[in-house]
Amino acid sequence: MDDHHIKVDLLKLLDDNRLTVAQGTSNRNNVLFVVGKSSAVTKLEELTSCYTDRANMKIATVEDIGLATERSLYNAILSGFGIDDQVSCNLLLLSTYMSLLAAGGTLIAKTVVGTEEMLLKNMKLYGFLNVAISKSSPGVVIGNMPTYKVGASDKITLNPEEKETVISAWKLGDNNSETISEDDLLEADDLKKPDSSSLRVCATTKKAKACKDCSCGLAEELEANRLKDTPKPDTSNAKSSCGSCYLGDAFRCASCPYLGMPAFKPGEKVQLAGNLLQDDF
């Protein structure tokens, strides 16, 4: 690649990315060239000397890139454009470029043709925006810094009228807020005093449920409450589904309403004699 071709490529890249200004313009961009070999510095110095009136150009090798910080920040960094120069833009070098670029600055990096995708991914990983592979220059990837620097801050100014509106919305004064009495949140059932018997629990189960070997009387108490709350069956108009209820317990099923009563004739009202309720002794 001859010198003339290098000059044309670099100048086109600078012009395409609006890094050069018209001759005689004082507000020029700061551009840093990073090369891998010190031998490439001389060739690039010849190029940059021809365009000092269009951009403030500086050249640094990878080893001496720390000295490039004499300028606070650069508007653009061109990496790997020395003759026979292949600067590997690893993550460490990209981190250095991030610290040298101004907000919104541009990184134009040249890599081995065919490895552009890897460089593109690394630049995106480090936070560069609008990263793309150059269509006109093989092996060149271009990306931009965000328009802010890490740690940057800015003051937020609120309109005085909007500020008062926001503040008043969070005030809890009597004039602009309503309170609710906690008594209004209670229902009638919430005010009833619970029955002490319903609060009794088993020491083992910690619930109102008797344990397997209950000996404290809770099992009997719960069973009595269950039977008390269970309505007794009405046998006055009961009809037998099997037709054998009147014959006695030997012929009755387990759920028969006449279970325990003496035998009777069909249709006859069952009554127990008074002496049957007395002890035999």
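Here are some questions and answers about this predicted model.

Q: Which residues of helix α4 are buried, and over what arc around the axis do they lie?
A: Let's start with helix α4, which spans residues 116-125. Its buried residues are E116, L119, L120, N122 and M123. They sit on the same side of α4, because the arc they cover around the axis is only 165 degrees.

Q: Which exposed residues does the face of α4 turned away from its buried side carry?
A: We have just met the buried side of α4, with L119 and L120 among its residues. Turn to the face pointing away from that side, and you find exposed residues. They are M118, K121 and L125.

Q: Which elements do the buried residues of α4 pack against?
A: The buried residues of α4 include E116 and M123. Their packing partners are one helix and several strands: α3 (91-100), β4 (101-110), β5 (129-133) and β6 (140-144).

Q: Which residue just after α4 takes a positive phi, and of about how many degrees?
A: Helix α4 covers residues 116-125, and the residue to look for comes just after α4. This is G127, whose positive phi is about 105 degrees.

Q: Where is R18 found, is it buried or exposed, and what is its relative accessible area?
A: R18 is not a glycine, yet it has a positive phi of about 55 degrees. You can find R18 in the loop between α1 (3-16) and β1 (30-35). R18 is exposed, and its relative accessible area is 73%.

Q: In which strand is N130, and what is its relative accessible area?
A: N130 also takes a positive phi of about 55 degrees although it is not a glycine. Its place is in strand β5. N130 is exposed, with a relative accessible area of 63%.

Q: Which residues of β2 point one way and which the other?
A: In a regular strand, side chains alternate between the two faces of the sheet. Strand β2 (residues 56-61) is mostly covered, with six of its six residues buried. One way point N56, K58 and A60, and the other way point M57, I59 and T61.

Q: What is the bridge partner of V31 in β2?
A: Strands β1 and β2 pair in the parallel sense, over six bridges. Within β2, the residue bridged to V31 is M57.

Q: What is the bridge partner of I133 in β6?
A: β5 and β6 run antiparallel and are joined by three bridges. Their hairpin has six residues between the strands, and G139 takes a positive phi near 80 degrees there. In β6, the partner of I133 is V141.

Terms used
Residues numbered from 1 in each chain as written. Predicted model: local features only at pLDDT ≥ 70, side-chain atom pairs only at ≥ 80, totals over all residues. Heavy atoms only, no water. Buried < 20%, exposed > 50% of the residue type's maximum accessible area, 1.4 Å probe, protein only. Helix = DSSP H or I, 4+ residues; strand = E, 2+ residues; numbered from the N terminus. Arc of directions from axis to C-beta. Contact = heavy atoms within 4.5 Å. Pairing = 2+ DSSP bridges.
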